[in-house]
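Got your viewer open? Then take a seat, keep the selection box handy, and follow along one stop at a time.

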Amino acid sequence: MVSIRHGFAWMAMAQGSLFVLQFVISILVARLLGPYEMGIFAIALSIVGLLSIIRSFGLGSYLIRAPELTRSVVATVFTINAGLAIMVALAIVAFSLLGGTLLKEPGVRDLLMVMAIMPLLGIFDMIPFAVIERRGDFRTVAIVNIVRYSVANLSTLAFAYAGHSYMSLGYGQVIGSAIAVVLNNLVVRRSVSIRLGLENWRDVMKFGTQMLTISAIAGLQGRIADLVLAKALGLAAFGIFSRASSLTGVVWENFQVVVLRVLFTDFAEQRRQKRSLRHSYLRLTEVLTGLLWPAFIGISVVSGPLVMALFGQDWLGAVVPLSILAVSTAIFVLIIIAQDIYIVSNATARQTRLEVIRAPISLALFSIGCLISLEAAAAMKVVEAVVVVAMYRRDLERMTDTSWSDYVPIYGRGLLLTAAATLPAAMVMTAYGWSPSTPLAAVLGGVAAGGVVWFAALWALRHPLYEEVQRLLRQVQSRLRPAPPPPA
């Protein structure tokens, strides 16, 4: 547990600093580019994501889960990964020519040509990164991430200021990927191998095919949903929806980086030792609901002033979608680590069957919403979240040796903490008629008051989060305490 906490600490430090940087850069870039340019990038990113499903073999997870990293295993993974990366790069180039004509937007074509470089860089990054994570060296992971995304974000901003419009977003991503390749290979230079081989191809392909199927189903549904929204409501509306999604997504993604990669390594080790995940999973659920539910519902409550302060008057169309999407994300918290539980439990075949059912339902719901309005499309994400959680619940209980009765008190405490954290801000918004122009000082005061009440509730409930804060404070105090003088 000590190493896990150290991993959390390093990842939290890295993602916390990057969270602030990304927020600042996204605000500046949004003010420089506007909804139309952001819509072009969002479409290009969706196309890249759609084509990159080919690479969703989970090869990094395979290396982390493998009992031993033999030369033949590493060579097989490198060979398969390289072949997939080249296929994706060629597909992106081909689609840049066809897609630019189809959408009648040359900007999408030009951006895709630049972003085709990224999968080629991934050929030389995947194995070093997986080796670092398998070692549990999250200090190195944190440092590389800080350098990578700092350079990427600052490069994007510099190119935007220089007048490169939507292309600046692609340039920034490519530069960040190149930085990561160099740093990860330097860290594990003695373990770097570009040796080709297919000795273990059957086992790798079996695992990879299962992961690809899962990712393909989910990824295709998500990317097609993006294209449906852009076609039904226009690029400007898609840019607004993407901006609203990014505000909740940046919290979600940064938290996943902090928690899931560390926990996946730990859960894989527990499974190798034939240990139950019950205690770890229940504690994790209580921590997540106590922390993320207040965060996302808080975003929903102050969505108006948040959008106004960050992006300005032109982006007010994102207020209602953001408020709704924050609620849907809070619901998805309940299955935030489901993917990793299926992987370490060797149950990816079961997850594939569930995804076959889930994807068309989700796409149909979202498409119906797109035919009505942007707000209706966001509302369908809430319905989707409820459906998916219901579908996954029984499997997660079985794989973690838990039952519904274990979660009832946990969810109850999570709801209580959420109410305590968000009620002061909700009272402020009510007093000002829920206006996006609510004074920022008043909003911040409500948020701060909610934080105080939330922490008091943690103490009153003797919540695991409170225990972790106490442990952290004791460690800080012990390090700040002066060392005793040496004996005479």
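What follows is a walk through a predicted model, stop by stop.

**Stop 1: the core**

Start by selecting Val-77 and Ile-337. These two have the most contacts inside the largest nonpolar core, which has 124 residues. Now color helix H1, residues 2–51: this helix gives the largest share of that core, 19 residues.

Stay with Ile-337 for a moment and show its neighbors. Leaving aside residues up to four places away in sequence, Ile-337 touches Leu-260, Leu-263, Phe-267, Tyr-281 and Leu-284. There is also a second, separate core of 9 residues; pick out Val-287, Ala-421, Ala-457 and Tyr-466, which are among them. If you're wondering about the general pattern, nonpolar side chains tend to be buried together in soluble globular proteins.

**Stop 2: two helices to put a ruler on**

Select residues 201–233, which is helix H9. How far apart are its end C-alpha atoms? They are 45 Å apart, and that agrees with the 48 Å that 33 residues should span at 1.5 Å a residue. Step just past the end of H9 and you reach Gly-234, whose phi is positive, near 100 degrees.

Next, try residues 167–187, helix H8. With 21 residues at 1.5 Å each, H8 should span 30 Å, and its end C-alpha atoms agree with that at 31 Å apart. Now look at which parts of H8 are tucked away: the buried residues include Met-167, Leu-169, Val-174, Ala-180 and Val-181. Glycines are on that buried list too, among them Gly-170, Gly-172 and Gly-176, and so are Asn-184 and Asn-185. Keep Asn-184 labeled for later.

**Stop 3: a pair of oblique helices**

Show helix H6 (residues 126–134) together with helix H7 (residues 138–161). Their axes are 8 Å apart, and the helices pack at an angle of about 135 degrees. Parallel or oblique? An angle like that is neither under 35 nor over 145 degrees, and it falls outside 65 to 115, so H6 and H7 count as oblique to each other.

Turn on side chains where they touch. From H6 come Phe-129, Ile-132 and Glu-133, and they meet Phe-138, Thr-140 and Val-141 of H7. Sorted by class, the contact of H6 with H7 has 4 nonpolar residues, 1 polar and 1 charged.

**Stop 4: a pair that runs alongside**

Compare that with helix H13 (residues 319–332) and H16. The axes of H13 and H16 are 8 Å apart, and the packing angle is about 5 degrees, which makes H13 roughly parallel to H16. On the H13 side, the contact residues include Val-320, Ile-324, Leu-325, Val-327, Ser-328 and Phe-332. On the H16 side, look for Leu-374, Ala-378, Val-382, Ala-385 and Val-389, among others. By class, this contact has 15 nonpolar, 1 polar and 3 charged residues.

While H16 is on screen, click Val-387, which lies in that helix. Val-387 counts as partly exposed because its relative accessibility is 27%. Arg-358 is 29 residues away from Val-387 in sequence, yet the two are 8.1 Å apart in space, C-alpha to C-alpha.

**Stop 5: a handful of loops**

Which way does the backbone go at Asn-346? Its phi is positive, about 55 degrees, although Asn-346 is not a glycine. You'll find Asn-346 in the loop between helix H14 (338–344) and helix H15 (348–372), and at 61% relative accessibility it counts as exposed.

Asp-401 is another one to check: its phi is near 55 degrees, a positive value in a residue other than glycine. Asp-401 sits in the loop between helix H16 (374–399) and helix H17 (404–431), and 42% relative accessibility makes it partly exposed.

Now select Gly-312, in the loop between helix H12 (303–311) and H13. Buried or exposed? At 9% relative accessibility, Gly-312 counts as buried. Gly-312 touches Arg-31 and Val-307, not counting residues up to four places away in sequence. Remember Asn-184? Gly-312 and Asn-184 are 128 residues apart in sequence and 38 Å apart in space, C-alpha to C-alpha.

For the last click, go to Ser-437, in the loop between H17 and helix H18 (440–461). Ser-437 counts as exposed, at 55% relative accessibility. Draw a distance from Ser-437 to Thr-248: the two are 189 residues apart in sequence and 21 Å apart from C-alpha to C-alpha.

Key:
Residues are numbered from 1 along each chain as its sequence is written. This is a predicted model: local features need pLDDT of at least 70, side-chain atom pairs count only at pLDDT 80 or more; totals for chains, interfaces and linings use all residues. Side-chain values use heavy atoms; hydrogens and water are left out. Helices (H or I, at least four residues) and strands (E, at least two) are DSSP runs, numbered from the N terminus. The expected span of a helix is 1.5 Å times one less than its number of residues. Axes are lines fitted to C-alpha atoms, for helices over the stretch in contact, and angles run from 0 to 180 degrees between N-to-C directions. Contact means heavy atoms within 4.5 Å. Ala, Val, Leu, Ile, Met, Phe, Trp, Tyr, Cys and Pro count as nonpolar, Asp, Glu, Lys and Arg as charged, and the others, Gly among them, as polar. A nonpolar core is a set of buried Ala, Val, Leu, Ile, Met, Phe, Trp, Tyr and Cys residues joined through side-chain atoms within 4.5 Å. Buried means under 20% relative accessible area, exposed over 50%, partly exposed in between (1.4 Å probe, protein chains only).
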